[in-house]
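The following paragraphs lead through one structure, step by step. Please keep the sequence and the 3D view at hand while reading.

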Amino acid sequence: MDFNITLLPGDGVGPEIIDSAVAVLAAIEQKFGHNFHMHRMNIGGSAIDSTGVPLPKDTLEDCKAADAVLLGAVGGPKWDGLAAHLKPEKGLLSLRSGLGLFANLRPAVLHSELLSASPLNQSLAKKGVDIMIVRELTGGIYFGERGYRDGALGQEAYDTEVYSINEIERIAKIAFEIASTRGKHVTSVDKANVLETSRLWRATVNRVAKSYPSVKVEHMLVDNCAMQLVKDPSQFDVILTTNMFGDIISDEAAAITGSIGMLPSSSLGANNKGLYEPIHGSAPDIAGRDEVNPIATILASAMMLSTSLKLFDEAMAIENAVHRVLAKGFRTKDIACGKKSVGCARMTEEIALAILNM
Ligand code: IPM
Ligand code: MG
């Protein structure tokens with residue numbers, strides 16, 4: 001079959017990991033007889049350098065027309081000094097809201113091959129980590145009113161968090177739907193002892209929960225959740241939370257699985273169209289050194305195949321290839337625990353080969 005895929009390499013390690021995903025997708029094309037029409041568009045700092053804005057109009061239009069979008073990463077110290085509306089990160093935020101991608105799914109899985117790379121003590125690690133973080137992505141403090149003003153003590157800055165019942169309902173439904181197909185347990189994470197938006201969040205989640213009687217719902221304050229994630233992550237199945245808390249909690253969940261270099265994510269809207277990306281950022285310190293772990297982006301391309309393109313066997317082939325290569329002992333530096341490691345290019349080659357040899 002033919003599919004149209006927009007690639008957004010972005011900044012830092014972004015171009016390297018997108019090249020890796022393209023190599024793996026080429027192996028899938030060859031093995032399964034598909035045509036992925038993949039083309040690169042500008043976003044982030046590299047778009048600022050070439051066009052003056054972090055999300056050029058033609059990039060957004062191209063993404064809207066594509067079957068799916070695969071993104072590397074945006075940002076870097078080169079663009080730190082720019083005004084907020086011109087920062088590379090603004091390109092990603094505008095893309096998420098421009099495509100209406102309100103649901104961000106971040107699976108945090110501790111692969112059995114990587115138990116020793118996890119900072120958890122080994123008896124905890126052996127209990128397993130398999131969490132689906134469902135993060136609201138187009139609302140909350142990321143998109144509320146912000147600015148500078150004169151306050152009682154002089155100039156001050158402010159950001160505001162706003163959530164409508166509608167926004168909470170639609171993301172909660174997604175969390176409950178996903179939980180129905182997994183461990184049937186939603187932990188909704190908020191700060192209801194302090195924030196008004198969290199109290200509305202909690203009440204709305206409870207109402208949505210009534211339509212899913214087979215799913216257990218639990219509420220947890222975000223500070224406690226941060227602690228429980230390192231004390232006993234095996235207690236979690238689906239974590240449902242806001243944009244801001246989801247950003248923080250997903251990095252923590254990623255770290256306990258051994259490396260943030262392993263975790264993919266998908267961002268979805270009302271239809272099946274989606275944006276797929278690794279959870280990690282642009283890692284400018286290792287950019288261009290063939291050191292980055294490509295697995296998060298390769299697994300993001302697998303999510304893209306199953307979710308947006310409905311190519312389930314093909315997605316499974318990528319996941320199996322990753323497991324085989326890890327089981328054979330190949331490790332990038334971030335998951336090598338100080339032992340022998342391979343570069344990004346070699347890791348990619350091994351995964352593509354594993355697909356071709358299946
Ligand atoms: C993420 C990133 C982004 C976010 C940044 C780059 C804007 O940290 O996807 O988690 O905060 O959402
Ligand atoms: Mg983040």
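**From one threonine to the sheet and the pocket**

Leaving aside neighbours within four places in sequence, Thr297 is in contact with Ile17, Ile18, Ala21, Leu70, Pro278 and His280. The model that shows these contacts is a predicted one. Thr297 belongs to helix H10. Its relative accessibility is 0%, and because buried means under 20%, Thr297 counts as buried.

The sheet comes next. Ten strands form an open sheet, and their pairing is mixed. Read across the sheet, the order is S2-S1-S3-S12-S11-S4-S5-S10-S8-S9. Strand S2 (35-40) and strand S9 (216-221) are the edge strands; each has a single partner strand, so one side of each has no neighbour in the sheet. From one strand to the next, the twist averages 25°.

One pairing within the sheet can be followed in detail. S5 and strand S10 (residues 238-241) run parallel and are joined by four bridges. Opposite Thr241 in S10 stands Arg135. Helix H1 (residues 14-32) packs on the sheet, where it touches strand S1 (2-10), S2, strand S3 (68-73) and strand S12 (274-278). The direction of H1 makes about 165° with that of S2.

Now turn to the pocket. The largest pocket has a volume of about 710 Å³. Its lining is made up of 25 residues, and those closest to the centre are Pro107, Met132, Met303, Ser306 and Glu319. Several elements give two or more residues to this lining: strand S4 (103-109), strand S5 (130-136), helix H6 (165-180), strand S11 (264-268), helix H10 (295-307) and helix H11 (312-327). Which element gives the most to the lining of the largest pocket? H11 does, with six residues. Sorted by class, the lining has 15 nonpolar residues, together with five polar and five charged ones. Helix H10, which holds Thr297, is thus met again among the elements that line the largest pocket.

Some loop residues remain to be visited. Lys184 lies in the loop between H6 and strand S8 (185-190). Although Lys184 is not a glycine, its phi is positive, at about 60°. Is Lys184 buried, exposed or partly exposed? Its relative accessibility is 35%, and because partly exposed covers the range between buried, under 20%, and exposed, over 50%, Lys184 counts as partly exposed.

Lys310 is found in the loop between H10 and H11. Lys310 has a positive phi of about 55°, and it is not a glycine either. With a relative accessibility of 41%, Lys310 counts as partly exposed.

The last stop is Pro284, in the loop between S12 and H10. Pro284 has 40% relative accessibility and so counts as partly exposed. Not counting residues up to four places away in sequence, Pro284 touches Gly76 and Pro77. How many residues lie between Pro284 and Ser265 in sequence terms, and how far apart are they in space? They are 19 residues apart in sequence and 20 Å apart in space, C-alpha to C-alpha.

Technical notes: Residues are numbered from 1 along each chain as its sequence is written. Chains are lettered from A and ligands numbered from 1 in the order in which they are written. This is a predicted model: local features need pLDDT of at least 70, side-chain atom pairs count only at pLDDT 80 or more; totals for chains, interfaces and linings use all residues. Side-chain values use heavy atoms; hydrogens and water are left out. On a 1 Å grid over the protein atoms alone, a cavity is a set of points where a 1.4 Å probe fits but cannot get out, and a pocket is an open set with protein on both sides within 12 Å along at least five of seven lines; lining residues have an atom within 4 Å of a point. Grid points are joined across faces, edges and corners, and a volume is the space filled by probe spheres set on the points. Ala, Val, Leu, Ile, Met, Phe, Trp, Tyr, Cys and Pro count as nonpolar, Asp, Glu, Lys and Arg as charged, and the others, Gly among them, as polar. Two strands pair if DSSP finds at least two bridges between them. Axes are lines fitted to C-alpha atoms, for helices over the stretch in contact, and angles run from 0 to 180 degrees between N-to-C directions. Contact means heavy atoms within 4.5 Å. Buried means under 20% relative accessible area, exposed over 50%, partly exposed in between (1.4 Å probe, protein chains only).
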